[in-house]
Amino acid sequence: MKRESGPEHAAGAAGAAQQQPQAGKAYDRVADRFPVEARSGAWERSEWLESSAKYTVGLRKDSAANRLVIEPYLSPVALAAAELARVQAGVTILDLGGGVGQCVEPVLSSLANRAGCDYVIVEGPNSCKMGRALYRNAPEVRFLETLPADIRPDIVLMSSALQYIHDWRGTLATLAGLRPRHIYISRLPIHSRGTVAVRQCNALAESEWPWHWLFSARELDEAMESGGYAFTFDMFIRDITHEVRDADPALGDCALRVRHYTPAGRGSLPEAHTPATASPQLGQWPSFRQAPVMWKPSRSSTATPQPGQCVSP
């Protein structure tokens, strides 16, 4: 819920308007993987944090007044949390890359009782500091800079977050190893022509414009299946084809969607899963990256790209 620039962050971004990309482009490059040098601090900048905090305060006020409108893409998460809270003593929710707590109220506001709930947000240090201040009177909400070793979540949520992690497969393997009952990956860009990376232009300094993935649904499902999870449902949020084609007109159709996964098999959780590679450092955003390799065709080409087609620069 926090990474994509949107109307709710317009005010916080105004101070950096002079750094907008040429012609208002949303994306300006396409590659098969991320650049590695200097992790971007985009999501820890004061402009972003302040606008995110303002948005979150508004959600909390609406929730307290019992008039919070829950975004459709978070409704399934809220329903799952409410149903689990009805049949067990408390619910543990892991919100990976949850910002300053933008998803807390939409997910928890429908619960009959928050007592016993543990809503854990894993984020960068500045986001955690601001989030703790916003939720200082909410003991059920915790902000941590690293994934706790002993957490056993009922629900894992990643809203507009997975696409900013270079080792997304390793991240999914790590999350599957926690054996949650539900994994929701929300506001996820699904691309019709395979997984590629694009650089997102926004109101931050150009040196910090973040790269993120456009995912193949098939590759995501295969990664989840290897961790013992099965695809359950898909939800459309909005089309972003015209935006990503700023990077290359030959890119395929793309939309923000929700992907939901549950344990494979009926009536049991999967066995604990050990990732084949070292677990990524989940508390750092964005994660480690690699040098870009530009894909074919180029912006000037009219040929149709094949999934994952790339060449060295």
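Is Met-224 buried or exposed, and what is its relative accessible area? Hi everyone, that is where I'd like to start today. Please keep in mind throughout that this is a predicted model.

Met-224 has a relative accessible area of 1%. Buried here means under 20%, so Met-224 counts as buried. The residue sits in helix H7. Setting aside neighbours within four places in sequence, Met-224 is in contact with Leu-172, Ile-183, Tyr-229 and Tyr-261. There is also a backbone distance you may like to check on your screens: the C-alpha atoms of Met-224 and Arg-169 are separated by 8.5 Å, and these two residues are 55 apart along the chain.

Let me step back for a moment and show you the whole chain. The protein chain has eight helices and ten strands. Of its 313 residues, 55% are buried. As for contacts between residues at least 6 apart in sequence, 79% of them join residues at least 24 apart.

Back to H7, then. Which residues of H7 are buried? They are Ala-217, Glu-219, Leu-220, Asp-221, Ala-223 and Met-224. Notice that Glu-219 and Asp-221 are on that list. And what do the buried residues of H7 pack against? Their partners are H6, strand E6 (182-191), strand E9 (229-239) and strand E10 (254-263).

The two ends of this helix have something to show as well. Ahead of H7, Ser-216 is found in the loop that links strand E8 (211-214) to H7. Ser-216 has 7% relative accessibility and therefore counts as buried. Not counting residues up to four places away in sequence, Ser-216 touches His-191, Gly-194 and Thr-195. At the other end, just after H7, Gly-228 takes a positive phi of about 90°.

Now for the helix partner of H7. Two packed helices are described by the angle between their axes and the distance between the axes. For H6 and H7 (residues 217-226), the angle is about 40° and the axes are 9 Å apart. Why do we call this pair oblique? Angles under 35 degrees would count as roughly parallel, and the pair at about 40° is therefore described as oblique. H6 passes H7 in a right-handed crossing. On the H6 side, the residues that meet H7 are Trp-168, Arg-169 and Leu-172, and on the H7 side we have Glu-219, Leu-220, Ala-223 and Met-224. So our opening residue, Met-224, shows up here too. By class, this contact has five nonpolar residues, two charged ones and no polar ones.

There is a second helix pair I'd like to put beside that one: H2 and helix H5 (residues 125-134). Their axes come within 11 Å and cross at roughly 30°. That angle makes H2 roughly parallel to H5. The handedness of the crossing, as H2 passes H5, is right-handed. From H2, the contact takes in Leu-49, Glu-50, Ala-53, Thr-56, Val-57 and Arg-60, while H5 brings Asn-126, Ser-127, Met-130 and Leu-134. Sorted by class, the residues in the contact of H2 with H5 are five nonpolar, three polar and two charged.

While we have H2 on the screen, take a look at Ser-51. This serine lies in helix H2 (residues 46-64). Its relative accessibility is 5%, so Ser-51 counts as buried. What does a polar atom of the Ser-51 side chain lie 3.2 Å from? It is the backbone oxygen of Glu-47.

One last topic, and this is for those of you who enjoy torsion angles. Most residues other than glycine have a negative phi. Here are two residues with a positive one. Asn-66 has a phi near 60°. Asn-66 sits in the loop between H2 and helix H3 (75-87), and it counts as exposed because its relative accessibility is 72%. Ser-160 has a phi near 50°. Ser-160 is found in the loop between strand E5 (155-159) and helix H6 (168-177). Is Ser-160 buried or exposed? With 1% relative accessibility, Ser-160 counts as buried. So of these two positive-phi residues, Asn-66 is exposed, whereas Ser-160 is buried.

That's my tour, thanks for listening, and I'm happy to rotate the model for anyone who'd like another look.

Technical notes
Residues numbered from 1 in each chain as written. Predicted model: local features only at pLDDT ≥ 70, side-chain atom pairs only at ≥ 80, totals over all residues. Heavy atoms only, no water. Helix = DSSP H or I, 4+ residues; strand = E, 2+ residues; numbered from the N terminus. Buried < 20%, exposed > 50% of the residue type's maximum accessible area, 1.4 Å probe, protein only. Polar contact = N/O pair within 3.5 Å; in protein donor to acceptor, adjacent residues only side chain to side chain. Axes fitted to C-alpha atoms, helices over the stretch in contact; angles between N-to-C directions. Parallel < 35°, antiparallel > 145°, perpendicular 65-115°, else oblique. Left-handed = near helix turned anticlockwise from the far one by under 90°. Contact = heavy atoms within 4.5 Å. Nonpolar A, V, L, I, M, F, W, Y, C, P; charged D, E, K, R; others polar.
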